[in-house]
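Reader: I would like a close look at the charged side-chain pairs in this protein, and at the helices that surround them. Please take me through that part step by step.

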Amino acid sequence: MKVKFKAFAQFSVVALLAAACSSDPDSAGLEYMPDMYRSPAVEPYVDYGEVRGQINDEMKMRRSAMVPPRYAIPYWGTDSATVHTLLPYHRMPGRLFAETHGLYQYDLSSNEDADYEYKMAAADVNPIKLTSKEVADKVFADGKALYQVNCNHCHGEKGDGEGPMVKSGAYTGAAVLSGLAIQEGQMFYSIYYGKGMMGSHASLLNKKEIWTLVHYVRKFQDAKYGTFDANGAPAWGANAAVADTTAKK
C-alpha cells in the first residue's frame with residue numbers, strides 16, 4: 001500500500017509538471033502559484049478603463065490614483081534640517097478657500113478674517129539660508145528651473161506679469177512679482193494655497209521647492225539679493241520689506 005501511494009504521488013507530480021508545459025515558445029506555461037514569485041503590485045496610475053485589450057467603460061472616467069491618507073507624512077530621509085523643512089505646513093487656508101480655491105480636503109481656518117493666516121504668515125522666515133555665493137547660486141539655479149515650469153507662463157520670465165498666457169489674452173490678473181511687496185512667508189503662503197486668481201501649488205511643489213522659489217522671486221525685486229561682496233559678506237539688505245501686497249495687472 002505504501003509503495004502504491006508513493007508511485008501515485010510521483011505520477012501526480014509528473015502529470016502536473018507536464019500539464020504546465022506549453023507548445024508556445026513565448027509562454028511561461030501554466031502558473032500554479034504566481035503570487036509566490038510575482039509581487040501583487042499596486043499601480044495607482046493604471047488606466048483600468050482598458051486592461052489587456054478589455055474595455056471597461058465604467059472605469060474609463062474614474063480616477064485610479066489615490067491621494068495619501070490625511071495627515072500622512074512622507075519620508076524625507078534622516079537629515080534633520082531637510083525633514084524639518086518638509087514637515088506639514090503649520091498654517092491653514094482661510095475659511096473661504098474651499099469655495100475660492102477648491103481646497104475641499106483641507107482643514108480650514110475658523111477665523112472670521114479670511115486673510116488671518118495669510119497675515120500671520122508675514123512672520124515666517126525662509127528656512128533655506130543663503131550662506132555663501134556657492135549656496136546662493138545653487139538655490140537660484142534650482143529656483144529658475146522651478147519658475148520656468150510653474151510660474152513663467154503667467155508671471156513672465158522677468159516677473160513682470162507678462163507671461164505667454166497673459167500675452168495671449170487667455171488669462172489676466174497675474175501678479176507683477178518684480179513689484180510684489182509682501183514678506184517671504186506670505187509669498188510661501190500664496191504659492192502653497194493660492195492667492196487671487198492663482199490656484200494652490202501644494203500638490204505640485206513640496207515646501208523646500210516653494211521656499212526655493214521664494215528666493216528666486218525676491219531676486220526680481222532686488223538685483224543684489226543673494227549676492228556677496230569680495231569678503232564673502234552678504235551684499236543685500238536681508239529681510240528688507242517691500243511695499244504692499246499682490247500688485248496686479
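Reader: How many salt bridges does a search of the whole structure find?

Author: The model is a predicted one, and a search of the whole structure finds six salt bridges. One of them joins R91 to E117, with the closest N and O atoms 3.8 Å apart, which lies inside the 4 Å cut-off for such a pair. R91 sits in the loop between α3 (80-86) and α4 (97-101), whereas E117 belongs to helix α5 (residues 116-120), so this salt bridge ties together parts that are 26 residues apart in sequence. Both R91 and E117 are buried.

R91 has another partner, since D124 also forms a salt bridge with R91, and here the closest N and O atoms are 2.7 Å apart. This pair, too, links distant parts of the chain, with D124 in the loop between α5 and α6 (133-150) and R91 in the loop between α3 and α4, 33 residues apart. D124 has a relative accessibility of 12% and therefore counts as buried, and R91, at 12% relative accessibility, counts as buried as well. Through salt bridges that share partners, R91, E117 and D124 are joined into one network. A further salt bridge brings together the side chains of K119 and D113, at 2.8 Å from N to O; D113, with a relative accessible area of 30%, is partly exposed.

Helix α5, which holds E117, is one of the elements against which the buried residues of α9 pack, together with α4 and α10. In helix α9 (residues 184-193), 10 of the 10 residues are buried, so this helix is largely enclosed by the rest of the structure. Among these buried residues are E184, Q186, M187, F188, Y192 and Y193. After α9 comes G194, whose phi is positive, near 100°.

Helix α10 (residues 207-221), one of the packing partners of α9, also packs with α6, at an angle of about 95° and with the two axes 8 Å apart. Because an angle of 65 to 115 degrees counts as roughly perpendicular, α6 and α10 are described as roughly perpendicular to each other. On the α6 side the contact includes V139, F140, L146 and Y147, and on the α10 side it includes L213, H215, Y216 and F220. The residues of this contact divide into seven nonpolar, three polar and four charged, and among the members of the contact are D142 and K144 in α6 and E209 and K219 in α10.

How values were computed. Residues are numbered from 1 along each chain as its sequence is written. This is a predicted model: local features need pLDDT of at least 70, side-chain atom pairs count only at pLDDT 80 or more; totals for chains, interfaces and linings use all residues. Side-chain values use heavy atoms; hydrogens and water are left out. Helices (H or I, at least four residues) and strands (E, at least two) are DSSP runs, numbered from the N terminus. Buried means under 20% relative accessible area, exposed over 50%, partly exposed in between (1.4 Å probe, protein chains only). Axes are lines fitted to C-alpha atoms, for helices over the stretch in contact, and angles run from 0 to 180 degrees between N-to-C directions. Angles under 35 degrees count as roughly parallel, over 145 as roughly antiparallel, 65 to 115 as roughly perpendicular and the rest as oblique. Contact means heavy atoms within 4.5 Å. Ala, Val, Leu, Ile, Met, Phe, Trp, Tyr, Cys and Pro count as nonpolar, Asp, Glu, Lys and Arg as charged, and the others, Gly among them, as polar.
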